[in-house]
Structures are given as structure tokens and as C-alpha cells.
Protein chains: 2
Amino acid sequence: MDNPSTRRNRPGRRPSTAEQGVATRRALLDAAAALVAESGWCAVTTRAIAARAGVPHGAVSYHFAGKEELLREAALAATRQALAAPAAFATQAGSVAELLEGTFAWYAAGGLADPAVAQLLETARQAARDPLLRAPIAAELHDYRKALADLVRRDQQRGALAAGVPADGVAAAIAALLDGLILHLVLDPDLDTQPAAAAVLGLLAGEPR
Amino acid sequence: MDNPSTRRNRPGRRPSTAEQGVATRRALLDAAAALVAESGWCAVTTRAIAARAGVPHGAVSYHFAGKEELLREAALAATRQALAAPAAFATQAGSVAELLEGTFAWYAAGGLADPAVAQLLETARQAARDPLLRAPIAAELHDYRKALADLVRRDQQRGALAAGVPADGVAAAIAALLDGLILHLVLDPDLDTQPAAAAVLGLLAGEPR
DNA sequence: GCTCGGGTTGTCCATGCGGCCAATCGTACT
DNA sequence: AGTACGATTGGCCGCATGGACAACCCGAGC
């Protein structure tokens, strides 16, 4: 990220001034996202962002209306990117069980170490206070739940899942479960998710009474 | 909270100096917790806390090693208090279904408006970064999950719940589900929890395939 | 060749912060 | 009565922050 190649002239091309402008803007956004994940939303300063981006701190004032706007924009972009992978997984997975197994496996493999997780928690906390951030984040969540609901519906038609329960409800519950589990894992890294995974998969499979 | 009765002499008793000290400390802790819930962890200043507590700002330095310690202590106390009600509910509830229905009803009734919810989110985010806060919070979570597991076990012995799944896993899943739902509700207040509630209760009851 | 304008740079400033401390107070103990 | 000591109080300091700004650089278009 400190690498100037992000915003400086590449070998072949000459850096038109307009190109430089967008490059600087992007470098600031990337640096802001990285620093929020590292140090926390409120610990981040415009000077630190500029330093990380390799630009003088005056550049922040020029490219953004203020720290608030910069962080909001950076957080939104980072959230969209972080949510892209799970969303794609939800659409491509063959079944709910497969999705859950894959996600649990990712948790167990230490997916929490990904700075994106810290980034998401910071963004969620901020979104709870800033409506301008909350609205788009809520929309992203909505899309994710929708993709999940489609997957659930497919499973129900195949008879792999109880058909008597509302698909959107199952989707909302699964989404909440997975996010809640992330939250608990962040607070207690020693928590063993194996039993929870077994329990959920067992219940969904219709364990005998 | 501005009410001086919290820390000033009550009618009958004379305020011994030691008692005053304890009262001031407590007033600072209460004010800190309230302000964190209102404005967010990082937006809180020692001066604002002192003003809310009705004491001069120098009192903070005297009673606490620093802002960090004050906030940590306040957050921990507030979290313990906020978790007391759900924990008691988990121990006293007759069944998992009853617990879930009660909790869902509380969500639907607008339990999110409770400042304790904002407080918890702030504390969680901070605990993710501060091990000194994370450890006790993790312990509280552990206790809550344990109480829930006991409840699940009772249900399994009564045959109200599938016996083939690990009780601690079910407990961990339910705890994550409920907390994750809070998170989603904070980010999207318009989210309807009814379908999710129906789905979870249906799955736990063993809906026919 | 010259202007024009977006992009860049470093400096400056007002503000508010957390923490420190010396003076003061008032109670409890001798 | 006198002393010791914890609690109180408000002023003070150093410092970092976010933002504004004037000077500048340099390619683009005439």
C-alpha cells in the first residue's frame, strides 16, 4: 500500500493530470480503508491516511469535503468489496448445507484474521450512527439475504429443506447466525465453532426427535 | 443522570469524605456509560463525562488512571448490567421456544431503542481491539452460552428438541443468531423479524419435510 | 509561446483534547 | 485544638488534530 506504483506513473504511459487526480483519490480511499481496519475508525487521522497514501495531507482537503466523507466513501467501497465474495458464494453454492459448511470451514481456518472482518465491524458500528452510511449498507445486506433466500427456496423445492417454513425467514436467520458467529468469534477467538456447525447442519437436515 | 442526588448527601446521612469519593467515582462511571451509548466511544471526552457527572474535569484524573481505564471500567459495568436481564431470562425460561419467542417479541416491540443496545455494539467493537476489555466480555458471553446450553439440555431430555445434536452447539448457534439479528436490526431497522422467528421456531420444532 | 485551470504542496491557524498539579477544603483521628 | 490525609477544584500546558489557503507546477488547448 505504501508502494507508490498505486498512484505513480507506470512505465509505458505518461500520467495525464486527470489520471493523477483519480489515482490520488483512490490511493487516499485505499489508505483510509486499510487504516480503519488496522487502528479503528476513530483512531484514524487525515494525516495518517495521507502518509499511508504517499501524498501530502493537504490533498485530503482537496479531494474530499472532509474526513467524514472520505471515511464514509472508503468504508462503503471496502464493504462492497468484502461482501462480494460471500454473496457470490451464496449464489453459486449448490445447497444451504454446502454454503454453511464452506462458511464454517472459513471461520475455522482463521478467516477472522482477514482485516476485512475488522473493517466490517468498524463500519457496522459507524453505520449505526450515520444514516448516510447505514442506508447503502442495509441495501447490501438486503441483497445478500435475497440471494440466500433464493438458495433456500431451491433447497426446499428439492426437498432438502423443510418446505413449511418461510424461505426469507430461513435466509434472515442464517445470515444473522453467520454474522453473529463472527461477532462472537471476534470477542472470543477460542470459541469452538464445531459444535455450533454440527448443531445447525443437524437441525436443518431434520435430526430425529 | 444530571441529578446531583446520585452523588450528593442524602437527607438523613452526612456525607463522609470516603462516601463522597465512591459516589463521585460512580457518577463518573455512569456518565461515561451513558455518553458512550449516546455519542459513541470515540466521540466521548473526559470533559463531557465530568460535566454530565456534575464534577469538575480534574476529578477524572484523580479517580482513574486515564480516559482509557475509565471507559473500560464503565463499559464493563454497563455490559454486565445489560446482560443480566437476558441471562436471567435464559435460566428462568421454561423452554428454548419460550426464550426465543420472548426475545423476538422484545425485538419487535422496539427493544433496539434501548441505549443499552448501542452501548453493547460500542463495547463489542472496542473489545475487539482491547484485550483487557475482551477477556471479561468473553467470560460474560461464555456464561450466557452456558445457561442457554442448560436450557437446551432440559428441552432435549423432555423430548422437545432433537437429542442428536450437541446442546452446546445449539446454544452457541442460538446466541449467535440472536446477537446477529440485533446487528442486522441496528443496520436495517425496517427488517421484519417475523419470518425469521417463524423459521427458527419451525425448524427447532422439527417441521415436516 | 502563452495562457488557462486542475492538481499539488507545505504552511498556518484555531480548536479541543488528555493529563498534570498546586492550592484548598473538610473530615477523622489524636 | 491541632494535625494528617484523602477528596476537590480549576487553571494550565503541550500537543495533535481537521481544515483552509496561497503559492506552485505542468500539461492541454489555442
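A residue counts as near a molecule or strand if one of its heavy atoms lies within 4 Å of it. With that in hand, let's look at how this predicted model handles DNA strand D.

Of the atoms of DNA strand D within 4 Å of the protein, 58% belong to sugar or phosphate, and the rest belong to bases. Around this strand sit 21 residues, and those that come nearest are A:Arg47, A:His57, B:Thr24, B:Tyr62 and B:His63. Both chains supply helices here: α2 (46–53) of chain A, plus α1 (17–39) and α3 (58–63) of chain B, each give at least two residues to the surface near the strand. Helices here are DSSP runs (H or I, at least four residues), numbered from the N terminus.

Here are some polar contacts to DNA strand D, meaning pairs of N or O atoms within 3.5 Å.

| Protein atom | Atom of DNA strand D | Distance |
|---|---|---|
| A:Thr46, polar backbone atom | phosphate oxygen | 2.8 Å |
| A:Lys67, polar side-chain atom | phosphate oxygen | 2.8 Å |
| B:Arg47, polar side-chain atom | base nitrogen | 3.4 Å |

Now for the two protein copies. Chain A can be laid on chain B with an RMSD of 0.1 Å, using a turn of 180 degrees and a shift of 0.0 Å along the axis. The copies are thus related as by a two-fold rotation axis. That fit is by least squares on the C-alpha atoms of residues with pLDDT of at least 70 in both. As for the interface, 100% of the interface residues of chain A are also interface residues in chain B, so the copies meet through the same surface.

How many disulfides are there over all chains? The count is zero, going by cysteine sulfur atoms within 2.5 Å. A:Cys42 is in no disulfide, and its nearest cysteine sulfur, that of B:Cys42, is 3.1 Å away. A:Cys42 is partly exposed at 30% relative accessibility, where buried is under 20%, exposed is over 50% and partly exposed is in between (1.4 Å probe, protein chains only).

And the confidence? Chain A has a mean pLDDT of 90, with 91% of its residues at 70 or more; pLDDT is the predictor's confidence in each residue, from 0 to 100. Over residues 1–12 of chain A, though, the pLDDT is below 50. Where pLDDT is low, the predicted coordinates should not be read in detail.

Residues are numbered from 1 along each chain as its sequence is written, while chains are lettered from A and ligands numbered from 1 in the order in which they are written. Local features need pLDDT of at least 70 and side-chain atom pairs 80 or more, whereas totals for chains, interfaces and linings use all residues, and side-chain values use heavy atoms, leaving out hydrogens and water.

Definitions and conventions:
Contact = heavy atoms within 4.5 Å. Polar contact = N/O pair within 3.5 Å; in protein donor to acceptor, adjacent residues only side chain to side chain.
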